[in-house]
Amino acid sequence: RAKALGRNKYQEFDHHMTARAIENMALENDLRKAINEQEFELYYQPQIDFSQNCIVGFEALIRWRHPSKGLLFPDTFIGLLEETGLIVPLGHWIIDNACQTLRQWLDTGVKPVRLAINLSPRQLHNEELSDQISRSLHLHNLPANLLELEITESMLMQDIQFTHKQLRNLQQLGITIAIDDFGTGHSSLSYLKELPLDILKIDRSFIRDIIEDNNDQQIVNAIIAMAHQLNLKVVAEGIETIAHQSMLIQQGCDYGQGYLYSRPVPADNALELIKFDADKAMDSMALN
Ligand code: C2E
Ligand code: MG
Ligand code: MG
Ligand code: MG
């Protein structure tokens, strides 16, 4: 009996795995097609400088306009892109497309803003990354200091020697390096000191309840103090309310990003945000 049960269980498990594998294969096929057919789009979310109360940059966030499923968010497909290695060619496209968009914005005469791009582990560990980025910057005639690369805390700990070399090359080009989702990974603080980093982004899980939760307040306070000690600027992610913003300004945070300012929006809307921001600055100057 036990044996029969065991076998049934096994079959059930096997069946489940097969369904899952088939689903993934279908998704992988879809992804390959999507890259060829250019079904991906970048959305842009503004980052606010608290000291100047203006937009200083945008984070580019990938979306997939799926022909039948509609607009898909990265959590539904980034994992498989990474597993299959498809993130490397798509990552190319992401960097080049973001640079092209920034060039188009600048050509309208708006003030320069910085563009932050998320890198996946495979991209970070790709030997050709810095050459590719150089080429895109050159092709679109952009200074490297308008480009920022975000890598997550956990990525820092994989192949530390290569990561170090790669980041140093990128920083020498003039690119800004940000550590993303800080507080959720397990990076060693000594690496934080050694690695060439410029910006630390506090994960939004610490911001969400910061008004009610004294622990979160203390943690964020400590992260900001530590970051400043290490000469890093700090971005708080996931700012959704004025109360969040006030708390973070009070704590000495440098930049903010979140739904309070804007959700991620298509490139044209992002350009409107930059223009609106400039008008707002002009208005307040006129008032003073
Ligand atoms: P992330 O880099 O930490 O990006 C921030 C995420 O938080 C975005 O989700 C953004 O829409 C969301 N967010 C921003 N403000 C708020 C807020 O106030 N409240 C809440 N609840 N959420 C907020 P999204 O666009 O779904 O991206 C999820 C993750 O997917 C990103 O996290 C990043 O790890 C990855 N990702 C996105 N685009 C790319 C890309 O082009 N390449 C790579 N490799 N990964 C990407
Ligand atoms: Mg990010
Ligand atoms: Mg993040
Ligand atoms: Mg995240």
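Visitor: How are the donor residues of the magnesium ion (ligand 2) spaced in sequence?

Guide: They run E-x58-N-x31-E-x29-D. Before we go on: this is a predicted model, with local features needing pLDDT of at least 70 and side-chain atom pairs counting only at pLDDT 80 or more, while totals for chains, interfaces and linings use all residues. As for bookkeeping, residues are numbered from 1 along each chain as its sequence is written, chains are lettered from A and ligands numbered from 1 in the order in which they are written, and side-chain values use heavy atoms, leaving out hydrogens and water.

Visitor: What makes E59, N118, E150 and D180 protein donors of the magnesium ion (ligand 2)?

Guide: Distance. A donor is an N, O or S atom within 2.8 Å of the metal (3.2 Å for Na, K and Ca). E59 (OE), N118 (OD1), E150 (OE) and D180 (OD) lie 2.0 to 2.2 Å from that ion, so they qualify under the 2.8 Å limit. Water is not among the atoms, so a site may look incomplete.

Visitor: Which distant parts of the chain do E59 and N118 link?

Guide: E59 belongs to strand β2 (residues 54–66) and N118 to strand β4 (residues 114–118), 59 residues apart. Strands here are DSSP runs of E, at least two residues long, and helices are runs of H or I, at least four, numbered from the N terminus.

Visitor: Why is E59 called buried, and why is N118 called partly exposed?

Guide: Buried means under 20% relative accessible area, exposed means over 50%, and partly exposed is in between (1.4 Å probe, protein chains only). E59 has 4%, so it is buried. N118 has 26%, and therefore counts as partly exposed.

Visitor: What are the protein donors of the magnesium ion (ligand 3)?

Guide: D180 (OD), D181 (OD) and E237 (OE), with E237 (OE) listed twice, at 2.0 to 2.7 Å from the ion. In sequence the spacing is D-D-x55-E. D180 sits in strand β6, while E237 is in the loop between β8 (233–236) and α10 (242–250), 57 residues away. Both D180 and E237 are buried.

Visitor: What do the two magnesium ions, ligand 2 and ligand 3, share, and how far apart are they?

Guide: D180 coordinates both, and the ions are 3.9 Å apart.

Visitor: How do you know that R63, N118, D180, E240 and Y259 belong around ligand 1?

Guide: A residue is near a molecule if one of its heavy atoms lies within 4 Å of it. Ligand 1 has 24 residues around it, and those five are the closest. Strand β2 gives the largest share of this shell, four residues, and β2 and β6 (176–182) each supply at least two.

Visitor: What makes the N118 side chain's approach to an oxygen atom of ligand 1 a polar contact?

Guide: The cut-off is a pair of N or O atoms within 3.5 Å; within protein, one must be able to donate a hydrogen and the other to accept it, and residues adjacent in sequence count only if both atoms are side-chain atoms. A polar side-chain atom of N118 is 2.9 Å from a ligand 1 oxygen, so the pair passes. D180 likewise has a polar side-chain atom 2.9 Å from an oxygen of ligand 1, and an N or O atom in the R204 side chain is 3.2 Å from a ligand 1 nitrogen. On its own, ligand 1 has 800 Å² of accessible area, and the protein covers 84% of this.

Visitor: Why is E148 called buried?

Guide: Its relative accessible area is 1%, so it is buried. E148 is in strand β5 (residues 147–152), and its side chain makes a polar contact with that of R114, at 3.0 Å.

Visitor: Why do I22 and Q38 count as exposed?

Guide: I22 has 53% relative accessibility, so it is exposed, and Q38 has 55%, so it is exposed too. I22 is in helix α1 (residues 2–36), whereas Q38 lies in the loop between α1 and β1 (40–49). Q38 also has a positive phi, near 55°, in a residue other than glycine.

Visitor: And why is D159 called partly exposed?

Guide: D159 has 49% relative accessible area, and therefore counts as partly exposed. It lies in the loop between β5 and α6 (160–173), and its phi is near 50°, again a positive value outside glycine.

Visitor: What share of the protein chain's residues count as buried?

Guide: Of its 288 residues, 45%. The chain has eleven helices and ten strands, and its C-alpha trace spans about 85 × 45 × 40 Å along its principal axes.

Methods: Accessible areas come from the Shrake-Rupley method with a 1.4 Å probe; for residues, only the protein chains shown count as cover.
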